[in-house]
Amino acid sequence: MDGGGAVHNRSVEDVFSDFRGRRNGVIKALTVDVEEFYQQCDPDKENLCLYGFPNEVWEVNLPAEEVPPELPEPALGINFARDGMQERDWLALVAVHSDSWLLSVAYYFGARFGFDKADRRRLFNMINDLPTVFEVVTGLAKKQVKEKSSSANGSKSKSSLKTREAEMQGVYVRQPLAREEVETLYEEDEDEHGDTLCGACGENYATDEFWICCDICEKWFHGKCVRITPAKAVHINQYKCPSCSSKRSRI
């Protein structure tokens, strides 16, 4: 979605799709690709910004030179604070500023495309249904889902989420249920895990997707988000997500 040029008629869904793509890119930088993101934010470089794009790609780069910029700009100089804070606190700070930037871009488009009060409210509600970048990065989203799940249903066993192969390897995974199991297990699985969020993209659990749980932080991830396939998961004795792997390598 372009920020400059002529103003075309765009729907609330178009702007939300743009928001979600940029958000997913930022979340990927702060979770799945955190090691690469950390390295790119060199404090010795000039003022750097974290950009998310509609195609879910992220980039660390210098701010736009044009004044005023084509779109609202992200927080400037995120790299300068990197070595002066605990890593998790620094990532949380970048996440907070990223949330602010994502909202400003979405409502910039809303203004350009002439959204009325009802459109702006609908856009906000669609955005508000997703956890913030801060909530995903700090684990608050998972905690909120856990509290909601336990208060509604109590704690349940995770055993129904394991494939037979993964059980032998000690790795928790989620993948589509066999056709003959769907009728008996679908409702129970949806009730128990429907609010579970992916630790990388922040999207909800669905029974037709492959999921895997980190044995260190116990966050769940879409297999595609962490580049793990069902076949690969079978041979993993202990799965560590990219974030936990990068923390362990720096100790």
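This report describes the nonpolar core, the aromatic pairs and the cavity of a predicted model.

**The nonpolar core**

The largest nonpolar core of the model has 37 residues, and those with the most contacts inside it are Leu-30, Phe-37, Leu-50, Leu-123 and Val-133. Several elements take part in building this core, since α1 (12-30), α2, β1 (49-52), β2, α3, α4 (117-128) and α5 (133-138) each supply at least two of its residues. The largest share, 9 residues, comes from α3. As a general background to this picture, nonpolar side chains in soluble globular proteins tend to be buried together.

**Aromatic residues**

A search of the whole structure finds 8 aromatic pairs, and two of these are set out in the table below, with the distance between ring centres and the angle between ring planes.

| Pair | Centre to centre | Angle between planes | Arrangement |
|---|---|---|---|
| Phe-37 and Trp-58 | 6.0 Å | 80° | edge-to-face |
| Phe-109 and Phe-113 | 5.6 Å | 10° | stacked |

Why is the pair of Phe-37 and Trp-58 edge-to-face? The planes of the two rings stand at 80°, and an angle over 60 degrees counts as edge-to-face, whereas planes under 30 degrees apart count as stacked. This pair links distant parts of the chain, because Phe-37 belongs to helix α2 (residues 34-40) and Trp-58 to strand β2 (residues 58-61), with their positions 21 residues apart in the numbering. Both Phe-37 and Trp-58 are buried.

In the stacked pair, Phe-109 is buried, with a relative accessible area of 0%, and Phe-113, with a relative accessible area of 12%, is buried as well, because burial is assigned to values under 20%.

Phe-37 and Trp-58 also belong to an aromatic cluster, which they form together with Tyr-38 and Trp-90. Within this cluster, Tyr-38 has a charged partner, for Arg-82 lies over the face of the Tyr-38 ring, at 4.3 Å from the ring centre.

**The cavity**

How many cavities of 30 Å³ or more does a search of the whole structure find? The search finds 1, and the volume of the largest cavity is about 40 Å³. Leu-50, Pro-74, Ala-75, Ile-78, Val-94, His-97, Ser-98 and Trp-101 line this cavity, and by type the lining residues divide into 6 nonpolar, 2 polar and no charged. Helix α3 (residues 87-112) gives the most to the lining, with 4 residues. Leu-50, one of the lining residues, is also among the residues with the most contacts inside the largest nonpolar core.

Definitions and conventions: Residues are numbered from 1 along each chain as its sequence is written. This is a predicted model: local features need pLDDT of at least 70, side-chain atom pairs count only at pLDDT 80 or more; totals for chains, interfaces and linings use all residues. Side-chain values use heavy atoms; hydrogens and water are left out. On a 1 Å grid over the protein atoms alone, a cavity is a set of points where a 1.4 Å probe fits but cannot get out, and a pocket is an open set with protein on both sides within 12 Å along at least five of seven lines; lining residues have an atom within 4 Å of a point. Grid points are joined across faces, edges and corners, and a volume is the space filled by probe spheres set on the points. Ala, Val, Leu, Ile, Met, Phe, Trp, Tyr, Cys and Pro count as nonpolar, Asp, Glu, Lys and Arg as charged, and the others, Gly among them, as polar. Rings of Phe, Tyr and Trp (its six-membered ring) pair if their centres lie within 6.5 Å; planes under 30 degrees apart count as stacked, over 60 as edge-to-face and the rest as tilted. Buried means under 20% relative accessible area, exposed over 50%, partly exposed in between (1.4 Å probe, protein chains only). A charge sits over a ring if NZ of Lys or CZ of Arg is within 6 Å of the ring centre and within 35 degrees of the ring normal. A nonpolar core is a set of buried Ala, Val, Leu, Ile, Met, Phe, Trp, Tyr and Cys residues joined through side-chain atoms within 4.5 Å.
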